[in-house]
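The following account leads the reader through the structure shown below, moving from individual loop residues to cores, domains and the contact between chains.

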Amino acid sequence: MSLATTTARSAWRRIVDTPLINALAAPHGIGRYLEVINPMWSLDNTRIPARITNITRETDDSVSIELSPNGEWTHFQAGQFIQVHIEVNGRQHNRCYSLSRSAFTTKPRITVKDHDDGFISHYLNTQLKVGDRIAISLAQGDFVLPTQIPSALLFVAAGSGITPVMAMIDTLLEYKHDSAITLLYYSRNKTSCIFKERLEELAQQHPNFSLLMVYSQNDSTAEHGLQGHFNQQHLLKALSLNPALTEQTKALSLPLSYVCGPEQLINAVQSEYELLGHKDKLLSERFKAATAAQYEGEVAGDIAFNKSLSNVANDGRNLLEQAEDAGLNPQSGCRMGICHTCSCLKTSGSVRNISTGEISHGEEHIRLCISQALGDVSLSL
Amino acid sequence: MNQKTLNAEQLAAFGDEIDAIKQQALSERGARDANYIKRVVAFQRGLAISSRISIFAALPFLPSLGLAVASWPVFWLLICAGSIGLGIAKILDNMEIGHNIIHGQYDWMGDPRFHSKFYDWDTNCPSEQWAHSHNYEHHTYTNILGKDRDIGYGILRMDAAQYWHPAYLANPIFATLLMLFFDMGVALHDVEMDSLRTGKRSFRETWPKLKQSLRKTARIWGKDFILFPALAGPLFPVVMAANAVANLIRNIWSFTIIFCGHFPAEVHTFPKHVCENETQGHWYYRQLLGSANIEGGKLFHIMSGNLSHQIEHHLFPDVPAHRYAEMALKVRKVCNKYGIPYNTGPLWSQYASVWAKIFKLALPPRNSQTSITA
């Protein structure tokens, strides 16, 4: 059983992209010539050109963007994300967005919420037009469904964290899977609830899918009498909605669960699962690098950039931001430790991984965006 | 040389003014620079493809094939257009595109196609070796004898302070060979074959870089001298000759531009101790005295990779090079203000000055205070 469509790379791409033809086009490779004739002929699968074929407004501050990538795009699994590369005033900006629609569709779709501090999310919400061309990566990430679908599944999502969950539920229901599926979904209020109609429609059509929406804003009418943020009562209510789930709960066992949303939600669900002794049943996806766990020690030392022969006093922020402020132009991507674009050789010194808290020493490759210097650090930048 | 020497305060003020020119250019970077480099790359790729097609299109017209279309004039027209076009495409790839991208001038775009870490150029030198020998050694220690290996490339005597040796009698011959095989000279530059010869380094230490250079050379020469000619079947030698002419055009042109940048008379070289505790202002001052510009039109500047603005390139190696022309006006003004010489001249006079030096330094110093040491 496969919960994804797999399309092979188109025939002409396999014919053109051969060692002999690339040797004739050395050192650039044939793709760099083809893309000059037509950008959609690019053979680069790290920046796959994609046309915008449809833009749907989901709520006042979110849009769904349907993409038509070229033949380098093959397939994705529901729950995965892509990196989106957008050029604004000569500069490429990269962000990660989850794919928000069934893995059975050939045209991938992302859904983007307009954050106040998000330059790219704002651009995508306000400037992007149908017919524009952007570049995307292949789908990545391991926040996906297992190959053997269990008889019961629980999803917890908040805000734009619904996007990968929507793709998974869509895929499961489209595949006519009869597992008991429950979604516990938090939004600020009714109007900011992404995919509200689609989810309600699915809940009506499929008896094995139960939907529990919770609004955190006081003035919104609470359904099922639930309100506010995630707590144990919400979890138990969600489990009680579905017969398959109730039985499992009685046996003091939780179903395979997925949580996606802001850090506070993930932390709350994680500690609840830990309390119940079922940490292993929970998969989570963070939309921002964990920042809460700030290093509490003293901020000290200098950061030396070996190649550019400069150094700055460490100010405690991540090394990517400090390098950029020092006037360097390191490659960067997701800025949350996922894409490894900013990976760089550290020749000496100790750093702390911001998302895991792990401390490492000596010569190694580190991701600048999630590394914090502990004292003097030398980078090959 | 009757230039004024600047005191520390003047040097600092001069450094600040040059810095201000740089900061303004850096803050203005944007769509204009991105569109410029994309346009040049698109033109270069198109020219390379059409030149290669032109070379092959010439073949059926070769009278010795005895085809109905046989015609010497059409054959020569197409083959010459192809060779010259390919030569120009290689010049653009190596100079305005490759050299400038590998300097990191377009790293800020965040696009791997234009990023110094990822770009490779159509010449024998591996780009990461170039980034070391050129971006680091030559641009940091510009014209410091014993530190900047660009002075004479380890082959020529280009400065009177280099000890004379009888082998330097062949200076003009070595220079001519370096010019004709400039791609190889550049490819072996960071390998430091001269250190191997003098015993400063063992073969074991030299081999990794040498292997990398030879591998890249095999890729580039394999393409131009085996793969493309092989597509012509029995006319293999014709295509090979056309490609050889293209490489020769590129070699002679890039040698000319690069030698005019640092070796005309009046350009200064420096002893090793100058770079100890050097201030930013003094570094700028040294870059200015150690570089020379070539005058010309817009097309000439593009064809030289804007290395015709060698002075601006050495002051601002990481600013997109197409901005040098407008920055040069400001730099000249600042130089006038501080009485710093600004070495510029037309191509023919700078080039004549370089060759005069090559011949003059082939001979031993006239007042033999410098001992003859090997």
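**Loops, cores and an interface**

B:Asn277 is exposed, because 7 other C-beta atoms lie within 10 Å and a residue counts as exposed at 12 or fewer. The model discussed here is a predicted one. B:Asn277 belongs to the loop between α9 and α10 of chain B, and its phi is positive, about 50 degrees, although the residue is not a glycine. The loop between α9 (236–262) and α10 (280–289) of chain B also holds B:Glu266, where phi is near 85 degrees, again a positive value in a residue other than glycine. Is B:Glu266 buried or exposed? B:Glu266 is exposed, since it has 12 other C-beta atoms within 10 Å, and 12 still falls within the limit for that class. As background to these backbone angles, most residues other than glycine have a negative phi, and most peptide bonds are trans.

An exception of the second kind occurs in chain A, where a cis peptide bond joins A:Ala26 and A:Pro27, with omega about 0 degrees. A:Pro27 is placed in the loop between α2 (19–24) and α3 (30–37) of chain A.

A further loop of chain B, between α3 (72–102) and α4 (127–140), contains B:Ser116. B:Ser116 is buried, because 21 other C-beta atoms lie within 10 Å and the class begins at 20. Which residues does B:Ser116 contact, leaving aside its neighbours within four places in sequence? They are B:Ile101, B:Ile102, B:His103, B:Gly104, B:Asp107 and B:Ala131. In addition, the C-alpha atoms of B:Ser116 and B:Tyr106 are separated by 7.7 Å, the two residues being ten apart along the chain.

On a wider scale, an unreviewed UniProt entry annotates residues 72–344 of chain B as "domain: Fatty acid desaturase". In the model, residues 72–344 of chain B are 58% helix and 1% strand, and the end C-alpha atoms of the span lie 44 Å apart.

For chain A, the domain assignment gives domain 1 (11–136), domain 2 (152–286) and domain 3 (302–379). The centres of domain 2 and domain 3 of chain A, taken over C-alpha atoms, are separated by 37 Å.

The nonpolar interior can be considered next. The largest nonpolar core comprises 64 residues, and those with the most contacts inside it are A:Phe155, A:Ala157, A:Val165, A:Ile169, A:Leu183 and A:Tyr185. Where does this core lie relative to domain 1 and domain 2 of chain A? Both domain 1 (11–136) and domain 2 (152–286) of chain A give residues to the core, so it lies between them. Apart from neighbours within four places in sequence, A:Val165 contacts A:Phe155, A:Ala157, A:Leu183, A:Tyr258 and A:Cys260. A second, separate core has 55 residues, including B:Ile97, B:Trp164, B:Val191 and B:Cys260.

Finally, the two chains meet. How many residues does each of chain A and chain B bring to the contact? Chain A brings 14 residues and chain B brings 26 residues. On the side of chain A that touches chain B, α2, α3 and β4 (91–98) of chain A each supply at least two residues. The largest share of that side, three residues, comes from α3(A). By residue class, the side of chain A that touches chain B divides into seven nonpolar, five polar and two charged residues.

Terms used
Residues numbered from 1 in each chain as written. Chains lettered and ligands numbered in written order. Predicted model: local features only at pLDDT ≥ 70, side-chain atom pairs only at ≥ 80, totals over all residues. UniProt positions renumbered as here; feature names shortened; annotations may be inferred. Helix = DSSP H or I, 4+ residues; strand = E, 2+ residues; numbered from the N terminus. Contact = placed C-beta atoms within 7 Å. Core = buried A, V, L, I, M, F, W, Y, C linked by C-beta atoms within 7 Å. Domains from an automatic or database assignment. Nonpolar A, V, L, I, M, F, W, Y, C, P; charged D, E, K, R; others polar.
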